[in-house]
Amino acid sequence: GDHHGLQASETPVDGSNLRILIVHTRWNLPIVKALVEGAQKTMIEVNNVKPENIVVESVPGAYELPFAAHKLIEVSKVRAADGANDLMGSVNLLDGLNLNSPKPASTPAAGASPAASKSKKAFDAVICIGVLIKGSTMHFEYICEAVTQGIMRVGLDTGIPVVFGVLTCLTEEQALNRAGMDGKGHNHGEDWGTGAVEMALLNTR
Ligand SMILES: O=c1[nH]c(NC[C@H](O)[C@H](O)[C@H](O)CO)c([N+](=O)[O-])c(=O)[nH]1
């Protein structure tokens, strides 16, 4: 269709050294799942991002996205600075770890030199994915505005680019269309994936 979204650059940007965080909601999960997979698939297949370098975390709803993104970015920076072994491995959506699950304590094998515990670098970009669908009250408008401002602030405050992957829809049909689930639309998750890679490289200059 006449999709006015992000025009991917002709030659796909190479993301083989990037670490990407995807934070997604559990509200409207089937639609969110399609968007997350669209982003993952595109980053891996088009931009050469390594699957193990894509960390997926989940939160209850869109309102929690800014806090979680900010927290996870800061944690990744501290871990990179400490050279600590990063406890967050990449998980597929259904096993997505949510923030309050205790992280398994992992200590480097006894006697292992610090260098042996491969330290992970901080995230190069973050994609916040959620689906807001208007209910019958003004609740929707307030959350959309708060979430939009909040997600923009995370990028500006942390210096790590954050892609706005929140659908703000008046109907479920609109959301399904934008997740490419109605056979007519386009999965916007794909654009968010390429956008995250492009912004990450801007960030790694
Ligand atoms: O992700 C969503 N959260 C929603 N609300 C929950 C909100 O994001 C918070 O999780 C909740 O307010 C607790 O903080 C939604 N609606 O209310 O419609 C919605 O459509 N999508």
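Okay, let's start with one residue: Ser-16, which you'll find in the segment before strand E1. By strands I mean DSSP runs of E with at least two residues, while helices are runs of H or I with at least four residues, and both are numbered from the N terminus. Before I go on, this is a predicted model, where local features need pLDDT of at least 70, side-chain atom pairs count only at pLDDT 80 or more, and totals for chains, interfaces and linings use all residues. Residues are numbered from 1 along each chain as its sequence is written, and side-chain values use heavy atoms, with hydrogens and water left out.

Back to Ser-16. Which residue does its side chain join in a polar contact of 2.7 Å? That's Asp-14. A polar contact here is a pair of N or O atoms within 3.5 Å; within protein, one has to be able to donate a hydrogen and the other to accept it, and residues adjacent in sequence count only if both atoms are side-chain atoms. If we set aside residues up to four places away in sequence, Ser-16 also touches Asn-47, Asn-48, Lys-50 and Asn-53. Touching, or contact, means heavy atoms within 4.5 Å.

Now look at Asp-14 itself, which also sits in the segment before E1. Is Asp-14 buried, exposed or partly exposed? It's partly exposed, because its relative accessible area is 40%. The cut-offs are under 20% for buried and over 50% for exposed, with partly exposed in between, using a 1.4 Å probe and protein chains only. Asp-14 has a second side-chain polar contact to show you, this one with Asn-48 at 3.1 Å. Beyond residues up to four places away in sequence, Asp-14 touches Asn-47, Asn-48 and Leu-201. And here's a pair to find on screen: Asp-14 and Val-46 are 32 residues apart along the chain, but their C-alpha atoms are separated by 8.3 Å.

Asn-48 has come up a few times, so let's find it. It lies in the loop between helix H1 and strand E2 (54–59). Its phi is near 60°, a positive value in a residue other than glycine. With 45% relative accessibility, Asn-48 counts as partly exposed.

Let's zoom out. The protein chain has five helices and five strands, and from the N terminus on they run β-α-β-α-β-β-α-β-α-α. Of its 205 residues, 42% are buried. Take the contacts with a separation of 6 or more: 82% of them are between residues 24 or more positions apart.

Next, strand E4, residues 125–133. Eight of its nine residues are buried, so the strand is largely enclosed by the rest of the structure. Which strands does E4 pair with? One is E1 (residues 20–25), which runs parallel to E4 and is joined to it by five bridges. Pairing, by the way, needs at least two bridges found by DSSP between the strands. Within that pair, Val-23 is opposite Cys-128. E4 also pairs with E5 (residues 162–169), again parallel, over eight bridges, and there Ile-127 has Val-163 as its bridge partner. To get from E4 to E5 the chain goes through helix H3 (residues 139–158), in a right-handed β-α-β crossover. Right-handed means that, with the strands pointing away from you, the path from the first strand over the helix to the second runs clockwise.

Now the ligand. Around it we find residues including Trp-27, Asn-28, Tyr-63, Glu-64, Val-131, Ile-133 and His-139, where being near means having a heavy atom within 4 Å. A backbone N or O atom of Val-131 is 2.9 Å from a ligand nitrogen atom. Ile-133 has a polar backbone atom 3.1 Å from a ligand oxygen atom, and a polar side-chain atom of His-139 is 3.3 Å from an oxygen atom of the ligand. How much of the ligand's surface does the protein bury? Taken alone, the ligand exposes 460 Å², and 77% of that is buried by the protein. Those areas come from the Shrake-Rupley method with a 1.4 Å probe, and for residues only the protein chains shown count as cover.

One of those ligand neighbours deserves a second look: Asn-28, in the loop between E1 and helix H1 (29–45). Its phi is also positive, near 55°, in a residue other than glycine.

Last stop: Ala-179, in the loop between helix H4 (172–178) and helix H5 (188–203). Ala-179 is buried, with a relative accessible area of 3%. Leaving aside neighbours within four places in sequence, its contacts are Ile-31, Ala-34, Leu-35, His-186 and Asn-187.
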